[in-house]
Amino acid sequence: MSSETQTQKSALPSLPKARTGIVGLDEISEGGLPKGRPTLICGAAGSGKTLFSMEFLVHGALKFNEPGVFMAFEEKAEELTMNVASLGFDLQQLQQDKLIKLDHVHVERSEIEETGEYDLEGLFIRLGYAIDTLGAKRVVLDTIESLFSGLTNMAILRAELRRLFDWLKEKGVTTIITGEKGEGSLTRQGLEEYVSDCVILLDHRVVNKISTRILRIVKYRGSVHGTNEYPFLIDEEGISVLPVTSLTLKHQVSSQLISTGIPSLDSMLDGKGFYRGGSILVSGSAGTGKTSIAGSFAHSTCQNGERCLYLAFEESPGQIIRNMNSIGMDLQTHIDKGLLRFQASRPTLHGLEMHLLSFIKQVDDFKPSVVILDPITNLVTVGSVSEVKNLLIRLIDFLQNSQITVMFTALTLMNSPSEQTDENVSSLVDTWLMVRDIETNGERNRGMYVMKSRGMKHSNQIREFVISEEGLRLVDVFLGPSGVLTGSSREAQQLLERTGEVLWDHALSRKDREIERKKMVLEAKISSLKEEFESMQDELNRAYIEEELRKEVQEKNREEMTRKRDSSK
Amino acid sequence: MNELYNILAEEENDDANRHYVLRLFITGASLNSRRAVVNIREICDVHIKGKYTLEIVDVYQQKAVAEKEQIIALPLLIKCFPLPERRMIGDMSDTQKVLKGLGLIN
């Protein structure tokens, strides 16, 4: 029973969709626009409605074998052809190939006198004829609202429009109707009343003099769709929408570690480096060598034969290459090999969303394994801190999904409370390196420490960070009696200790000699005592022997005497 | 056709003898179309009797003409001559407006 309902469920016809071919839109609309139904695209002037619909038509004709009719109420066919030629769409050729039909509808109130009841059958016939001759599956009406300015009888117009949309549905053509955004409503003439299947809103916002294009699916009957505002980009390849906010935290994680390019920094990070696909923040005050760290990371990535995309917001590529050259890193060879790509632009070039889009387009195009953003601080000039954070979240998510390691550099101001960029971004990143200048004894030295590094045992020490012609190096921490020493005071202390060592050595040898001398003295004493003892022993021995001898002689004498006496008897 | 226009142009100065060339576009035998035909005939017969040529075109029969003549609303009456060209849409029931469109009244 249950299996039966299941098969029934899957057999239910789902809403057929017509792919638009517009990058990203087919993803957020889960397949495209409702096939055979009208869709309303509304937005203010210059929001990209015409381009949107033209792309829909051209992609339909070229990629999906669905010829289309473009009925233009505003622009003439020649103007349209010219306008989209920059995107590489050859409308003239497409018209010759009978894939697309352009029809310019001219309505001018001053030329028309209304003399009673009429209908829009002329439009129906015209459109119907075009559809039938081409076998069109797609239709664009851009912008049908122009009729309202050309004709005065609203009652007829509204009734006829309703009829038109029904008729288009009956014909089974996928239609885009564009409409100008009105005050307090989606379109000036309330077209949304008639077109109720799918409504897409295009917007063009200018905040702080920087514009961002936004697309939102307001409604989509009978289909699941993304509901967010999606920024989109119009460039030489046409429209691209990127569903960058529909991300979840489900990306794969890698336990592979990649070198930072600075061996001594690697050793601070559990001896290996950063996790692949991780995010790294390098923050510090001005002139602490953030770009150099980023540069050496890029250098080492390229040396390992991997690609690196370097997005610079402050310096031009030439400047970075020159500067890195001065510390012994030749980035130019990597560029020549196609492993390194620089993308330098001022943050104010466009809005944050556009930046994100262009990052992602670059990444998709270049497929790097490491992306460097240097520095993110400047992005704040085009958006608020929270917006920048939002952008970075999405960027990190996107990059982590593709297993791309990302390094940000950020500037912190020493004497102001605005370690803002840090505080807001630091929670996002996996590894946070902090470079600080340590000012002592009238000199400025760089100190580096690892604030955090998720998932590894990292050093908790402040290391002195030295930039020299040979590259970057971390010097071992030097603890003097008054704390951590850096720079010349470190060297002074080292010198001092070396002197101490020499003195100590000297003192040691003097003591040794004294001991030797004492030993000799004592040994001399011992030998004289020994001699004394021997002479005493001799003395004793002599007395003992004399006694023996005397005893022996006496005995002999006594025996002699006894014998002599016996014989005399 | 061109020759006809030339002849007509010569006559243009002569107001009373001005010849009217009208084209009426209709959609088959729809209510509006039938009314338009009746109305325009009546107006012409009253005001410019014998001085007009009326061509009636059924757009259903010649669909390509719709694009060529920039047709949206129907019925449509085009006054091709005398110049300027004027377009009138509707069933021609508003006689005053039709006369204005034809340039017969101001």
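**Group meeting talk: a pocket, a strand and two buried residues**

Let's start with the largest pocket, which has 20 residues in its lining. Those nearest the centre of the pocket are A:T212, A:I214, A:L352, A:E353 and A:E387. Five elements of chain A each give two or more residues to this lining: the strands β9 (198–207), β10 (210–220) and β11 (229–235), and the helices α13 (352–366) and α14 (385–401). Please keep in mind, everyone, that this is a predicted model.

Which element gives the most to the lining? That is α14(A), with five residues. The space in the pocket comes to about 390 Å³. For those of you who think in side-chain chemistry, the lining residues divide into eight nonpolar, seven polar and five charged.

Now, where does the pocket sit with respect to the domains? The assignment for chain A gives domain 1 (12–241), domain 2 (257–476) and domain 3 (481–519). Domain 1 and domain 2 each supply at least three residues to the lining of the largest pocket. As for domain 3, its C-alpha centre lies 87 Å from that of domain 1.

Let me move on to a strand in chain A, β8 (174–180). Is β8(A) enclosed or open? It is largely enclosed by the rest of the structure, because seven of its seven residues are buried. In a regular strand, the side chains alternate between the two faces of the sheet. Here, A:T174, A:I176, A:T178 and A:E180 point one way from β8(A), while A:T175, A:I177 and A:G179 point the other way. The residues on both sides are buried, A:E180 included.

Which strands pair with β8(A)? One is β3 of chain A, residues 38–43, which runs parallel to β8(A) and is joined to it over six bridges. In that pairing, A:L40 stands opposite A:I177. Another is β7 of chain A, residues 138–142, also in the parallel sense, over four bridges. There, A:R138 is found opposite A:T174.

Follow the chain from β8 towards β9 and you come to a loop that holds A:T187. This threonine has a relative accessible area of 0%, so it counts as buried. What is A:T187 in contact with, leaving aside its neighbours within four places in sequence? The list takes in A:G179 and A:E180, along with A:L40, A:C42, A:E145, A:K181, A:G182 and A:E192. You have already met some of these names: A:G179 and A:E180 belong to β8(A), and A:L40 is the residue opposite A:I177.

Finally, a look at chain B. It has four helices and four strands, and from the N terminus on they run α-β-α-β-α-β-β-α. Of its 106 residues, 46% count as buried. Among contacts in chain B with a separation of 6 or more, 62% are between residues 24 or more positions apart.

The residue I'd like you to find there is B:V98, in helix α4 of chain B, residues 95–102. Is B:V98 buried or exposed? Its relative accessibility is 0%, so B:V98 counts as buried. Leaving aside neighbours within four places in sequence, B:V98 is in contact with B:I40, B:I43, B:M88 and B:M92, and also with A:T115 of chain A. One of these, B:M88, is ten residues away along the chain, and its C-alpha atom is 7.2 Å from that of B:V98.

Thanks for listening, and over to you for discussion.

Definitions and conventions: Residues numbered from 1 in each chain as written. Chains lettered and ligands numbered in written order. Predicted model: local features only at pLDDT ≥ 70, side-chain atom pairs only at ≥ 80, totals over all residues. Heavy atoms only, no water. 1 Å grid on protein atoms, 1.4 Å probe; cavity = no way out; pocket = protein on both sides within 12 Å on 5 of 7 lines; lining within 4 Å. Points joined across faces, edges and corners; volume = space filled by probe spheres on them. Nonpolar A, V, L, I, M, F, W, Y, C, P; charged D, E, K, R; others polar. Domains from an automatic or database assignment. Buried < 20%, exposed > 50% of the residue type's maximum accessible area, 1.4 Å probe, protein only. Contact = heavy atoms within 4.5 Å. Pairing = 2+ DSSP bridges.
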